[in-house]
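Here are a few exercises to work through with the structure open beside you. Try each task yourself before reading the solution.

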Amino acid sequence: MRKTVLSLVSITALALAGCNGSHSSQQADSGNPGSTSSTAPAPAATEVSGTISLRAGSPQPSANATLVLNLADVSSSAAGSAPLASKTSPAGAFPQTFKLGFNSADVKAGDLYVIQAILTDGDRRYVMPIQAPVLAKGSKNDGVAIELVAEQTPSEKLLAAFKAEQDQLGAMKVSHGTRLEKDASRGWQLFRQDGQVQFIRELVDYGKDGFTSTDYAYKDGKPWVIVQQTKPSRDGKPTAIDRAGWSEDGTLVLKQHEAGSDVQPLDADAAAKLKKQATDILGLATGGKNK
């Protein structure tokens, strides 16, 4: 009887030892880096995508606007290199989605990649105030949010500088003059700063033929920006407003003819006529000295 009990105990011990050995073997397999049960690496990205929107207050582009998208390496070592992907298309409506595909083999580890978006509408550009990095640790490759902001056009910059000059007239030395002509009565105010003519405001009454109020701004003795209002009478509302302005090299940059709510480009002949008026009134108001 005692032999039988010992045999049963021995069999039970062997069985438990076998189970423990099997469990230990499974634990060893699970901790083995070479085990076939390890997770495979994620596939390399082959496209980036997201949404492009305009910052609140930016004017909507026209139907002629063009959008350029680049996936670019902006690392110092990649200066001048071609984008990994590029797309040029009509701008369309905003917000809008985008997608750029590329060859993952072209991606260099450690380099810095960004999405560059440039929207061009005539002489207006829309740019990104914040970069959109991709393909790097911590960066999104999908759901990339890009915001574009409209820059001032050259004509808008010129007109803003002109208005800033107007705001300074109160601090300038002013003189007055009048002249009675056959078909018109002319009066003006001339504004100087540091001995230089900066501004002339001219009022001309043509009687039944109407009235003009013109602001002339000068740079270095030359016409710079001109804004002329045409009215039926002194107290009447403007029927037209013409604006002309020139860059430092003499290029006509600001050229607007506004009639009511309609704004059209001012033609070159009309701009030249305004420029001659600016030169004439400068000579008249300064007695030919032009300063």
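**Exercise 1. Trace the network of salt bridges that links Arg179, Glu181, Arg186 and Glu202.**

Before starting, keep in mind that this is a predicted model.

Step 1. Begin at Arg179, which pairs with Glu181; their closest N and O atoms are 2.9 Å apart. A salt bridge needs such a pair within 4 Å, so this one qualifies.

Step 2. Move on from Glu181 to Arg186: these two side chains form a salt bridge too, at 2.8 Å from N to O.

Step 3. From Arg186, go to Glu202, where the N to O distance is 2.6 Å. Arg186 sits in strand β10 and Glu202 in strand β11, so this pair ties together parts that lie 16 residues apart in sequence.

Step 4. Now check the surroundings. Buried means under 20% relative accessible area. Arg179 is partly exposed because its relative accessibility is 41%, and Glu181 is partly exposed at 24%. Arg186 has 17%, so it counts as buried, and Glu202 is buried at 4%.

Step 5. Put it in context: the whole structure holds 9 salt bridges.

**Exercise 2. Work out whether Asp111 is buried or exposed, and find the nearest side chain of opposite charge.**

Step 1. Locate Asp111 in the loop between β4 (96-101) and β5 (113-121).

Step 2. Look at its accessibility: Asp111 is buried.

Step 3. Search for a partner. Lys108 is the nearest side chain of opposite charge, but it is 4.8 Å away. The cut-off for a salt bridge is 4 Å, so Asp111 has none.

Step 4. See what Asp111 does touch. Setting aside neighbours within four places in sequence, its contacts are Asp73, Ser75 and Ser77.

**Exercise 3. Describe the largest nonpolar core and say which strand gives the most to it.**

Step 1. Take the core as a set: it has 25 residues, and Leu71, Ile115, Leu119, Ile146 and Leu148 have the most contacts inside it.

Step 2. Ask where the residues come from. At least two each are supplied by β1 (47-54), β2 (66-73), β4, β5, β7 (132-134) and β8 (144-150). The top contributor is β5, with 4 residues.

Step 3. Zoom in on Leu119. Leaving out residues up to four places away in sequence, Leu119 touches a list of residues that includes Leu54, Leu67, Phe94, Tyr126 and Leu148.

Step 4. Look for another core. There is a second, separate one of 16 residues, and Trp188, Ile200, Ala271 and Ile281 are among them.

**Exercise 4. Lay out the sheet of 8 strands and place two helices against it.**

Step 1. Read off the order: β9-β10-β11-β12-β13-β14-β15-β16, an open sheet with antiparallel pairing.

Step 2. Find the edges. They are β9 (173-180) and β16 (262-265), each of which pairs on one side only.

Step 3. Check the twist, which averages 15 degrees from one strand to the next.

Step 4. Pick one pair to inspect: β12 (residues 211-219) and β13 (residues 222-231) are joined over 9 bridges. Within this pair, Ser213 stands opposite Gln229 in β13.

Step 5. Add helix α2 (residues 154-166), which packs on the sheet and touches β11, β12, β13, β14 and β15; its direction makes about 85 degrees with that of β13.

Step 6. Finish with helix α3 (residues 268-285). It lies across β9, β10, β11, β12, β13, β14 and β15, at about 105 degrees to β13.

Definitions and conventions:
Residues are numbered from 1 along each chain as its sequence is written. This is a predicted model: local features need pLDDT of at least 70, side-chain atom pairs count only at pLDDT 80 or more; totals for chains, interfaces and linings use all residues. Side-chain values use heavy atoms; hydrogens and water are left out. Buried means under 20% relative accessible area, exposed over 50%, partly exposed in between (1.4 Å probe, protein chains only). Lys and Arg count as positive and Asp and Glu as negative; His and the chain ends are not counted. Contact means heavy atoms within 4.5 Å. A nonpolar core is a set of buried Ala, Val, Leu, Ile, Met, Phe, Trp, Tyr and Cys residues joined through side-chain atoms within 4.5 Å. Two strands pair if DSSP finds at least two bridges between them. Axes are lines fitted to C-alpha atoms, for helices over the stretch in contact, and angles run from 0 to 180 degrees between N-to-C directions.
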